[in-house]
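Biologist: I am new to this structure and would like a close look at one part of it. Please take me through the loops with unusual backbone geometry, and then show how the surroundings are built.

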Amino acid sequence: MTPVVLVHGTFGNSVDNWLGLGLALYLKDRGYCVFSLDYGQLPGVPFFHGLGPVDKSAEQLKTFVDKVLTATGATETDLVGHAQGGMMPRYYVKFLGGAAKVKALVGIAPSNYGTDLNGLTKLLPYFPGAEDLLTTATPALADQIAGSAFLAKLNAGGDTVPGVSYTVLATKYDEIVTPYRSQFLSGSGVRNVLLQDLCPLDFSEHVSIGLFSRIAFHEVANALDPAHATPTTCASGAS
């Protein structure tokens, strides 16, 4: 099987985002060789990562993928990311040569077009210096605000790169990356999935869709191995 690299989200890390009842064990139990990395570290900030400039984090991902490919002897990897971790790899794929090394990218509640935090980011211009402070203190947060210069560069000229399959898993109860439809991509090789279309009883929000939702995990497995995909229903949560 193609090795899988798990990419944590903002304020996450390579352990807490994926272990316990999480996706790492779910995929390992299905025969996958799973890796995870830490990225976007800030000086003096332990445990909470994914805070540095997103383009620099993509460079860290590039280095890590190369190490995985060397260690496994594989020629390609699959990437599965939560929140920023579902968006940031697109920069790697689009600008840093990742298209030749990535077969599938699965974003779980990804910040593909940023967020307005239910309108809160629209208040920033009313607080002088707030945007500058955000950019200086936590660049990744500034990069993920809807309309940021980083996102304009990322999404210019199309959302996708040929040869890579893209899957986006979203929940309508997402309270962080809002509106939730801003997570969806367009272009060839894209599959956008709303969890509640598969199971109306899934009330996962932004955090739990990445950490606990077996409905989402089942769809991740389908995206990684479409030839053996099975329908995702509410019963998939027990699998």
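Modeller: A good place to start is proline 179, which is found in the loop between S5 and strand S6 (190–194). This is a predicted model, and in it the peptide bond from threonine 178 to proline 179 is cis, with omega near -15 degrees.

Two alanines in other loops also deserve attention. Alanine 83 sits in the loop between strand S3 (77–82) and helix H3 (84–95). Its phi is near 60 degrees, a positive value in a residue other than glycine. Alanine 83 counts as buried because its relative accessibility is 8%, and buried means under 20%. Alanine 109 lies in the loop between S4 and helix H4 (130–137). Although alanine 109 is not a glycine, it has a positive phi of about 50 degrees. With a relative accessibility of 0%, alanine 109 counts as buried too.

The strands named here belong to an open sheet. The sheet has six strands in the order S2-S1-S3-S4-S5-S6, with parallel pairing. Its edge strands are strand S2 (34–37) and S6, each of which pairs on one side only. From one strand to the next, the twist averages 15 degrees. Towards the S2 edge, strand S1 (residues 4–7) runs parallel to S2 and is joined to S2 by four bridges. Valine 7 has leucine 37 in S2 as its bridge partner.

Helices pack on this sheet. Helix H2 (residues 54–72) touches S1, S2 and S3, and its direction makes about 150 degrees with that of S2. H9 also packs on the sheet, where it touches S1, S3, S4, S5 and S6. The direction of H9 makes about 165 degrees with that of S4.

H9 leads on to the second largest pocket. Strand S4 (102–108), strand S5 (165–170) and helix H9 (214–224) each supply at least two residues of the lining of this pocket. Among the lining residues are Lys103, Ala104, Ser165, Tyr166, Thr167, Glu219, Asn222 and Ala223. Gly189, Arg191 and Pro226 line the second largest pocket as well. By class, the lining has four nonpolar, four polar and three charged residues. The volume of the second largest pocket is about 170 Å³.

To return to the loops: the cis peptide bond leads into proline 179, in the loop between S5 and S6. S4 and S5, next to each other in the strand order, both contribute to the pocket lining.

How values were computed: Residues are numbered from 1 along each chain as its sequence is written. This is a predicted model: local features need pLDDT of at least 70, side-chain atom pairs count only at pLDDT 80 or more; totals for chains, interfaces and linings use all residues. Side-chain values use heavy atoms; hydrogens and water are left out. On a 1 Å grid over the protein atoms alone, a cavity is a set of points where a 1.4 Å probe fits but cannot get out, and a pocket is an open set with protein on both sides within 12 Å along at least five of seven lines; lining residues have an atom within 4 Å of a point. Grid points are joined across faces, edges and corners, and a volume is the space filled by probe spheres set on the points. Ala, Val, Leu, Ile, Met, Phe, Trp, Tyr, Cys and Pro count as nonpolar, Asp, Glu, Lys and Arg as charged, and the others, Gly among them, as polar. Buried means under 20% relative accessible area, exposed over 50%, partly exposed in between (1.4 Å probe, protein chains only). Two strands pair if DSSP finds at least two bridges between them. Axes are lines fitted to C-alpha atoms, for helices over the stretch in contact, and angles run from 0 to 180 degrees between N-to-C directions. Contact means heavy atoms within 4.5 Å.
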